[in-house]
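Here is a short report on charged pairs and one histidine. Please look over the sequence and the fold before reading on.

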Amino acid sequence: MTGKTHFACGEALAVCLLCPDSPRALVLCLGAAAVGSVISDVDVTTSTSHRELVRIVSTAGGALLLGWALNTIFQLHIERFLLRYAGAAEMAAWAVLFLGLCVFGAAQPHRSFMHSLAGLALLTFCVWRGAEPLAGAFFVAMASHILLDLLNRKGGAAAVPRGVELVAWPLLRRRGGRPGTVRRGQPAAGGRHCAEPAVAVPHRATFLSALKPQLTMTS
């Protein structure tokens with residue numbers, strides 16, 4: 001699923017569920033949802049995905065800049081409003097922890113920590129402690145990203161996590177995916193499709209090798 005889809009769905013769902021009742025609440029909702037809707041894909045690995053991510057993050061950054069511009073033009077005093085919930089030092093500390101979790105998630109396999117309930121809970125907790133009014137929209141948008149990816153079958157078998165394994169990281173990890181293996185339905189080196197995982201072939205060969213002497217003695 002494209003980043004644009006995640007962005008649009010996250011923004012729309014956050015506005016519909018939270019129903020911001022003032023211009024300031026609307027700007028905060030849209031800004032937090034802009035980040036939450038795309039943050040899960042910091043763990044992308046392909047160059048195409050990186051280009052897509054750059055475009056979406058640029059869009060999210062543009063949304064944040066637009067929100068700041070609206071805050072300045074209409075004197076919404078968002079910074080004073082947020083400082084009611086946490087001091088500047090506390091806000092900065094939680095922001096650093098949030099970025100640290102994102103760096104950790106970026107180093108993990110695609111659709112693992114950043115697409116899990118653990119990642120959703122930890123990142124939302126950081127937002128809640130550092131800027132409580134942003135937490136609801138961030139949670140809704142990031143959760144929508146994870147739910148949409150549960151339905152996403154794009155990218156081949158190696159890129160498709162099972163639903164339970166997706167959200168339950170690290171309790172359940174995807175099996176396979178090691179270098180040199182071929183998954184079901186993926187083309188092998190010669191262009192043919194493998195009907196079964198390659199890791200099963202050595203076990204079958206070992207079994208037949210052990211059985212061959214017994215068949216020879218019987219005959």
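The sections below take the salt bridges in turn, then a histidine.

## Salt bridges overall

This is a predicted model. Across the whole structure, a search turns up two salt bridges. Side chains of opposite charge can pair when their charged atoms come close.

## Arg-129 and Glu-90

One salt bridge joins the side chains of Arg-129 and Glu-90, at 3.7 Å from N to O. Arg-129 sits in helix α6 (residues 117-130) and Glu-90 in helix α5 (residues 88-106), so this pair ties together parts 39 residues apart in sequence.

Are these two residues buried, partly exposed or exposed? Arg-129 has 33% relative accessibility and counts as partly exposed. Glu-90, at 32%, is also partly exposed.

## Asp-149 and Arg-111

The side chains of Asp-149 and Arg-111 form a salt bridge too, at 3.9 Å from N to O. Distant parts of the chain are linked here: Asp-149 belongs to helix α7 (residues 132-150), Arg-111 to the loop between α5 and α6, and they are 38 residues apart.

Both ends are buried. Asp-149 has a relative accessible area of 3%. For Arg-111 the value is 8%. Each counts as buried because the cut-off is under 20%.

## His-145

Helix α7 also holds His-145. This histidine is buried, with a relative accessible area of 1%. Its side chain makes a polar contact with the side chain of Asp-41, at 3.4 Å.

Which residues does His-145 touch, leaving aside those up to four places away in sequence? They are His-6, Ser-37, Val-38, Ser-40, Asp-41 and His-115. Asp-41 is thus both a polar partner and one of the residues touched.

Definitions and conventions
Residues numbered from 1 in each chain as written. Predicted model: local features only at pLDDT ≥ 70, side-chain atom pairs only at ≥ 80, totals over all residues. Heavy atoms only, no water. Salt bridge = Lys/Arg side-chain N within 4 Å of Asp/Glu carboxyl O. Helix = DSSP H or I, 4+ residues; strand = E, 2+ residues; numbered from the N terminus. Buried < 20%, exposed > 50% of the residue type's maximum accessible area, 1.4 Å probe, protein only. Polar contact = N/O pair within 3.5 Å; in protein donor to acceptor, adjacent residues only side chain to side chain. Contact = heavy atoms within 4.5 Å.
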